[in-house]
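This report describes the fold of one protein and the contacts between its side chains. The reader is invited to follow each section with the structure in view.

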Amino acid sequence: MRGLLRLSGLIDAVNEGIGKLAYWLVLVAVVVSSVNAVIRYAFNISSNAWLELQWYLFAAVFLLCAGYTFLRNEHIRIDIVLGRFSRRTQAWVDIFGILVFMFPMTILILKLSLPMFWDSFHSNEMSSDAGGLIRWPAKILIPVGFFLLTAQGVSELIKRIAFLTGHRDEPGEKMHSHS
């Protein structure tokens, strides 16, 4: 179990690092959006590339932070019901949810998004909008984001099992602290 908990810690550290780096993407998105708006209204000049860059940055934050959000237990759940159960029952519910709902969904999206990215990369797909950007950098965010989310699911599964088997005092960071 010690080796699995080390793997969990590594996954947590990767998602924590990516989540913190993504904070900067939010700042970049705000700056790009602000500059684009000022230029558009002040000089009546517009560019699809800048607008698409905003979309790419938003997609990057959303997709790359899914695992970080799960790590920090900031994802959507029904805490009003789950919070009434014991920590052990909560851990069992989490294990069930990860295995039955999360993994099938994330693995399916990961499997379906890889060929989409690969085709876009090999064809050097461009936006259909005039002056638009290449598409594959945005499309690779989908499998990367869902890989990170799946990996965090593995980490959370390890932590819940370690808790249930007595190898860990707490099942996960801030488990079900929202009510």
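## Burial and surface

A residue is called buried when its relative accessible area is under 20%, exposed when that area is over 50%, and partly exposed in between. By this criterion, 37% of the 179 residues of the protein are buried. The model discussed here is a predicted one.

The protein exposes about 10,700 Å², and carbon and sulfur atoms supply 72% of that area.

## Overall fold

The secondary structure consists of six helices and zero strands. Along the sequence, this gives the pattern α-α-α-α-α-α. The radius of gyration is 20 Å, well over the 16 Å that the globule rule gives for 179 residues, so the protein is more spread out than a compact globule.

The C-alpha trace spans about 65 × 35 × 30 Å along its principal axes. Among contacts between residues at least 6 apart in sequence, 75% join residues that are at least 24 apart.

## A nonpolar patch on the surface

Which residues form a nonpolar patch on the surface? The patch is made of L21, Y23, W24, L27, V31, V35, I39, F43 and I45, which together have about 940 Å² of accessible area.

One member of this patch, I39, is found in helix α1, which covers residues 2-43. With a relative accessible area of 33%, I39 is partly exposed, because its value falls between the limits of 20% and 50%.

## Asp12 and its surroundings

Helix α1 also contains D12. Is D12 buried or exposed? Its relative accessibility is 15%, so D12 counts as buried.

Apart from neighbours within four places in sequence, D12 is in contact with L71, Q152, S155, E156 and K159. With one of these residues, Q152, the side chain of D12 makes a polar contact through the side chain of Q152, at 2.8 Å.

## Salt bridges around Glu16

How many salt bridges does a search of the whole structure find? The search finds eight. One salt bridge joins the side chains of K20 and E16, with a distance of 3.0 Å from N to O. Both residues lie in helix α1, four residues apart, which is about one turn of the helix. K20 counts as partly exposed at 42% relative accessibility, whereas E16 counts as buried at 19%.

The side chain of E16 also meets that of R72 in a salt bridge, at 4.0 Å from N to O. This pair links distant parts of the chain: E16 is in helix α1, while R72 is in the loop between α3 (66-71) and α4 (79-82), 56 residues apart. R72 counts as partly exposed, with a relative accessibility of 25%.

## A further bridge and a network

Another salt bridge is formed by E125 and K139, whose closest N and O atoms are 2.7 Å apart. Here too, distant parts of the chain are linked: E125 lies in the loop between α5 (87-123) and α6 (136-164), and K139 lies in helix α6, 14 residues apart. E125 is partly exposed, with a relative accessible area of 26%, while K139 is buried, with a value of 18%.

Finally, D12, D94, E156, K159 and R160 are joined into one network by salt bridges that share partners. Two members of this network, E156 and K159, also appear among the residues in contact with D12.

Notes: Residues numbered from 1 in each chain as written. Predicted model: local features only at pLDDT ≥ 70, side-chain atom pairs only at ≥ 80, totals over all residues. Heavy atoms only, no water. Patch = residues over 30% accessible without salt bridge, like charges linked within 9 Å, V, L, I, M, F, W, Y side chains within 5 Å. Areas by Shrake-Rupley, 256 points an atom, 1.4 Å probe, with all protein chains shown as cover. Helix = DSSP H or I, 4+ residues; strand = E, 2+ residues; numbered from the N terminus. Buried < 20%, exposed > 50% of the residue type's maximum accessible area, 1.4 Å probe, protein only. Rg over C-alpha atoms; globule rule 2.2 N^0.38 Å. Contact = heavy atoms within 4.5 Å. Polar contact = N/O pair within 3.5 Å; in protein donor to acceptor, adjacent residues only side chain to side chain.
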